[in-house]
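Visitor: Could we go through this structure together, beginning with the confidence and then the bonds between side chains?
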Amino acid sequence: MLLELVVSWILKGKPVGRVYDVLTSVSSGVLYQLPRLFFRSIELTSYIYVWENYRLFNLPCDSLWMWYLTFFGVDLCYYWSHRMAHEVSIIWSLHQVHHSSEDFNMSIALRISVFEVYISWIFYCPLALAIPPPMFAVHLQLSLLYQFWIHTEVINKLGPLEWILNTPSHHRVHHGRNRCYIDKNYGAVLVIWDRIFGTFEAENEKVSYGLTHPINTFELFRVQFYQLHYVWTTFWITPGFWNKLSVIFKGPGWSPGKPRLGLLEDIPEVTGKEVPFSAPMSGSLQLYAFVHFALMLGFYEDTFADQSVLSQATLLLRTGYIILTLTSIGFLIEQRPGAPILETIRCSVFLMLYRLDYLKPFIPSLAFAFEILFSICIIYWGIRSVRQLASGHSKQL
């Protein structure tokens with residue numbers, strides 16, 4: 001991500017994204033990882049269960065052709081998992097988190113629904129009938145790592161490689177809301193599946209990123225649950241039992257009387273004059289949010305590093321503090337009315353956990369500096385909160 005930032009400055013004279021949008025993306029990545037503090041990976045757990053109880057073959061791990069077979073198998077399963085995430089409304093309500101940004105940079109690779117992993121594992125289970133879990137685990141991780149670098153605008157088309165591999169150009173198309181780019185280029189490492197199954201589209205016109213109907217928010221939990229709420233409300237107002245099921249299992253663009261995936265004409269045309277939704281943040285507030293987010297990441301990394309020696313109470317309290325920080329930063333980004341009060345509470349919780357040794361300084365020499373910094377923040381945001389409450393009370397009078 002840092003390399004992408006430097007290259008973007010050199011080539012375009014500007015950063016690859018906006019600070020508050022990057023914070024929203026990385027926040028989603030943090031939230032996605034938090035359940036791993038308490039639960040084993042459902043992808044590997046379910047895979048191992050099927051392998052141990054239902055496998056049809058005992059294939060060798062030390063054979064080169066088996067590694068090739070696993071590579072193609074994982075990539076094909078990912079293609080169908082990804083395609084269904086766009087074509088089944090309830091899965092799209094999770095996957096839309098990844099497409100919600102109107103920027104396109106490597107931080108977007110981290111913008112994932114916290115619940116999506118609880119669906120995607122289903123598509124890999126057929127591999128467990130033959131392929132040993134260690135081989136599957138390696139290829140799954142390599143596939144995810146490969147997909148990180150293709151979220152960028154600083155790499156142009158890659159010549160003959162475009163025929164075989166999923167490249168940044170192909171993935172830019174996938175994130176486009178242009179009509180001709182909708183539901184295209186689902187591949188992970190290879191683009192051959194899209195060519196075979198008719199979902200390939202080359203990058204020919206300028207890409208307009210984001211959802212066809214932007215949700216216009218940077219607040220983490222609204223990004224995570226916006227579409228789920230939409231499906232829930234649509235389910236209840238739609239008449240008829242089969243229509244209600246269709247709201248869940250047909251495409252996100254479906255409604256009674258339309259094809260399974262909806263009508264392409266219902267998607268707003270891209271004019272090229274679209275202005276991305278922006279946050280009303282001053283430069284100083286962006287710097288404040290970035291610094292406190294970076295401090296939170298330090299405690300986040302420290303928590304995962306010491307996971308095996310920390311008590312359940314410590315893990316729960318640290319997780320609660322991390323979620324509180326992500327929520328408060330979202331409120332600050334959008335300048336929500338409750339932002340000063342929530343930030344006062346967050347800084348107070350930090351000092352309390354810090355004094356009780358539930359949060360330990362990842363840089364011991366800065367322990368006193370942390371206390372001073374957060375004490376100042378409590379005073380500042382506390383004053384802002386009192387003024388806001390007094391202002392609201394006077395308006396009511």
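Visitor: Over which residues does pLDDT stay under 50?
Guide: This is a predicted model, in which local features need pLDDT of at least 70, side-chain atom pairs count only at pLDDT 80 or more, and totals for chains, interfaces and linings use all residues. Residues are numbered from 1 along each chain as its sequence is written, and side-chain values use heavy atoms, with hydrogens and water left out. pLDDT (the predictor's confidence in each residue, from 0 to 100) stays under 50 over residues 393–397. For these residues the model has 0 contacts (heavy atoms within 4.5 Å) beyond four places in sequence.
Visitor: What is the mean pLDDT of the protein chain?
Guide: The mean is 92, and 98% of the residues reach 70 or more.
Visitor: How many disulfides does the structure hold?
Guide: The structure holds 0 disulfides (pairs of cysteine sulfur atoms within 2.5 Å). The cysteine sulfur nearest to Cys-77 is that of Cys-125, 9.4 Å away.
Visitor: Why is there no bond from Cys-125 to Cys-77?
Guide: Because the two sulfurs, 9.4 Å apart, are too far for a bond.
Visitor: Changing topic, how many salt bridges are there?
Guide: The whole structure has 12 salt bridges (a side-chain nitrogen of Lys or Arg within 4 Å of a carboxyl oxygen of Asp or Glu). One of them joins Arg-172 to Glu-203, with the closest N and O atoms 3.0 Å apart.
Visitor: Are Arg-172 and Glu-203 buried or exposed?
Guide: Both are buried; buried means under 20% relative accessible area, exposed over 50%, and partly exposed in between (1.4 Å probe, protein chains only).
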